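Student: Got a minute to go through this structure with me? I'd like to start with the overall build and then get to the ligand.

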Amino acid sequence: MMFSIPKDMKFFRETTTGYTVVMGGNTLRSFPGGKPLKNRVNIVLSRGQVRDDCVIVRSYGELFDELKKRKEEDVFVIGGGEVYRELLPYCHGALVTKVDAVGGATVFFPNLDEHADFVCVDEGQPIEDNGYIIRFTRYQNNAVKEL
Ligand SMILES: NC(=O)c1ccc[n+]([C@@H]2O[C@H](COP(=O)([O-])OP(=O)(O)OC[C@H]3O[C@@H](n4cnc5c(N)ncnc54)[C@H](OP(=O)(O)O)[C@@H]3O)[C@@H](O)[C@H]2O)c1
């Protein structure tokens, strides 16, 4: 049996490998086995989790101190909904994979087409991906907030 890695997951892995990913505690818990992503520095916002396989930060202030040590282009915010909402103003851009699907999602990424500061600068052609039509898009933040 052939198993093909979904194109959006491949893109995500290739884009973030070797860099720093920032996420909320719920996103870490949602990963297989609750384990951090391999070959990346995982910074996790959490009030309660104690672990030594990722960098845990207890507040946005603590997170910003960590991020100031790194180059901005080396850091990717990877969710989830709560953390996206808080950190979007500080992001220089957003790589959004749009999936043409009706699902039962309970957590959402903000709609950047309705965002005052973000503008779409690249919109790929629709492509087939494991039975879904997806489209890679890139947005630029024209009003980036300083950390
Ligand atoms: N499709 C996508 O691109 C994508 C990407 C990522 C995630 N997701 C989905 O999104 C869902 C998770 O999103 P979510 O909005 O529920 O949660 P989230 O943003 O991943 O994390 C929220 C958690 O972050 C921590 N946190 C929040 N504010 C904090 C603060 N000021 N100081 C310290 N810690 C703080 C807390 O963790 P503790 O509870 O540990 O204290 C809180 O419960 C999952 O279902 C996941 O599968 C989807």
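Tutor: Sure, we'll take the overall build, then the core, then the ligand; keep in mind that this is a predicted model.

Student: OK, how many helices and strands does the protein have?

Tutor: Four helices and eight strands. Reading from the N terminus, the order is α-β-α-β-β-α-β-α-β-β-β-β.

Student: And how compact is the protein for its length?

Tutor: As compact as a globular protein of that length, because its radius of gyration is 16 Å and the globule rule gives 15 Å for 147 residues. The C-alpha atoms fit a box of roughly 45 × 40 × 30 Å along the principal axes.

Student: What share of the residues counts as buried?

Tutor: 14% of the 147.

Student: Which residues of the largest nonpolar core touch the most other members?

Tutor: That core has 15 residues, and the ones you want are V22, M23, V44, L63, V77, V83 and L87. At least two core residues come from each of β1, β2, α3, β4 and α4.

Student: Let's zoom in on M23. What is M23 in contact with, beyond its neighbours within four places in sequence?

Tutor: L28, V44, I78, G79 and V83.

Student: Switching to the ligand: which residues are closest?

Tutor: G24, G25, N26, G79 and G80, out of 21 that surround the ligand. β1, α2 and α4 each give two or more residues to that shell, and α2 has the largest share with four.

Student: What's the shell like by class?

Tutor: 12 polar, six nonpolar and three charged residues.

Technical notes. Residues are numbered from 1 along each chain as its sequence is written. This is a predicted model: local features need pLDDT of at least 70, side-chain atom pairs count only at pLDDT 80 or more; totals for chains, interfaces and linings use all residues. A nonpolar core is a set of buried Ala, Val, Leu, Ile, Met, Phe, Trp, Tyr and Cys residues joined through C-beta atoms within 7 Å. A residue is buried if 20 or more other C-beta atoms lie within 10 Å of its own, exposed if 12 or fewer, and partly exposed in between; C-beta atoms are placed from the backbone. Two residues are in contact if their C-beta atoms, placed from the backbone, lie within 7 Å. A residue is near a molecule or strand if its C-beta atom, placed from the backbone, lies within 6 Å of it. Ala, Val, Leu, Ile, Met, Phe, Trp, Tyr, Cys and Pro count as nonpolar, Asp, Glu, Lys and Arg as charged, and the others, Gly among them, as polar. The radius of gyration is taken over C-alpha atoms; the globule rule is 2.2 Å times the number of residues to the power 0.38.
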